[in-house]
Amino acid sequence: MATHARAVLFHELGGPDVLKVEDVRLDAPGPGEVQVRIDAIGLNRAEALFRAGAYYYRPTLPGSRLGFEAAGTVEAVGPGVAGFAPGDAVSVLSDQEMSRHGVYGDRVNAPVRSLLPRPAQVDAITGAAVWTTYLTAYGALVEVGRTNPGDSVVITAASSGTGLAAIQIADHLGATPIAVTRTAAKSARLLQAGAAHVLAADAGDLAGRVRAVTGGKGARIVFDAVGGPGLSELAETVAADGLLIVYGWLDPRPAPLPMNWPITVHGFNADLVTADPVRMGRARAFVEAGLRAGTLRPAIDRTFDLADVVEAHRHLESNTQIGKIVVTVRH
């Protein structure tokens, strides 16, 4: 039976003001779908890029939906769905079709493949904030980087949700997280979050300062969200035979090829984990164990009500946040 839901839609490309909360028809879940009452939504930088038309694929307009991840409770299941039942607490990891499956709203029909059971001790805000950031950091540092105790790990955009997740994972593995941030303004907070060292990029000579805190060796792993022209200098912080993992492109300008060989440059996407059931199983076990132990804890910068999603996106683009922005849904 069809019902109505509230959804965040946009009908044109642009800034936060293009986002509208609208009433939409919500059909009963179809084959392989689950209807979820959404309680919390985790915001990601990719969603601002998608809304503005600057992401790697374009939204379907008018009436595009938005959003990668959320948490809530199963309300109904479609034909052929096994493993979930009404009342189950879940996290939702949307696929790449945000225009169709975006999770900004109070109820959504989601493909069953995008659901994860949410343990009883994980509240909705945590369940909406944990998976995109921690799967990205885990996949890069563990599945690709094979981080070992004692390794030095440079983490750029360190105050982002993924940056903070990487700091915690490096600490959890016995590595030494070296946080890189644009200015020194967030240094104290990053040290509190577990960084062993905090280096402000605007102070210059980043490679020299990384060598200074690594005993002259450089970092075995550099985990970068920025790209752009600064990638060449960042590569100079990598130890001989080290690994430069690039997972984002916050600076859209071209990046020169690093020339301090031998070096391995890996372009990372979390699909490496989410598209592989074996890797995904390892990732879930790792993250859920960290949540139980308290060594992994998503940092929540601010929460906003669904009605205030425009303000939430303005804050997302302010670059003042430390950690994850979450939108909560009142029913």
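User: In this predicted model, which strand is joined to β14, and by how many bridges?

Analyst: Strand pairing is read from the bridges between two strands. Here β14 (residues 300-305) and β15 (residues 324-328) run parallel and are joined by five bridges. Within that pair, I300 stands opposite K324 of β15.

User: What does the chain pass through between β14 and β15, and is the crossover right-handed or left-handed?

Analyst: Handedness is judged by viewing with the strands pointing away: a clockwise path over the helix is right-handed. After β14 the chain passes through helix α11 (residues 309-316) and then reaches β15, a right-handed β-α-β crossover.

User: How many cavities of 30 Å³ or more are there, and which residues line the largest cavity?

Analyst: Rolling a probe the size of a water molecule over the atoms shows where empty space is left. The structure has two cavities of 30 Å³ or more, and the largest cavity holds about 40 Å³. Its lining includes P298, A299, G323 and K324; K324 is also the residue opposite I300. Both α4 and α5 give two or more residues to this lining, with α5 giving the most, three.

User: Which residues have the most contacts inside the largest nonpolar core, and which element gives the most to this core?

Analyst: A nonpolar core is read as a set of buried residues joined through their side chains. The largest one has 42 residues, and I167, I169 and F223 have the most contacts inside it. Elements supplying at least two residues each include α5 (161-172), β11 (219-224) and α10 (277-293). The most come from α4, which gives eight. Beyond its neighbours within four places in sequence, F223 is in contact with residues including A137, L141, V154 and I245. A second, separate core has 37 residues, among them V18, V34, Y55 and L66.

Key. Residues numbered from 1 in each chain as written. Predicted model: local features only at pLDDT ≥ 70, side-chain atom pairs only at ≥ 80, totals over all residues. Heavy atoms only, no water. Core = buried A, V, L, I, M, F, W, Y, C linked by side-chain atoms within 4.5 Å. Buried < 20%, exposed > 50% of the residue type's maximum accessible area, 1.4 Å probe, protein only. Helix = DSSP H or I, 4+ residues; strand = E, 2+ residues; numbered from the N terminus. Contact = heavy atoms within 4.5 Å. Pairing = 2+ DSSP bridges. 1 Å grid on protein atoms, 1.4 Å probe; cavity = no way out; pocket = protein on both sides within 12 Å on 5 of 7 lines; lining within 4 Å. Points joined across faces, edges and corners; volume = space filled by probe spheres on them.
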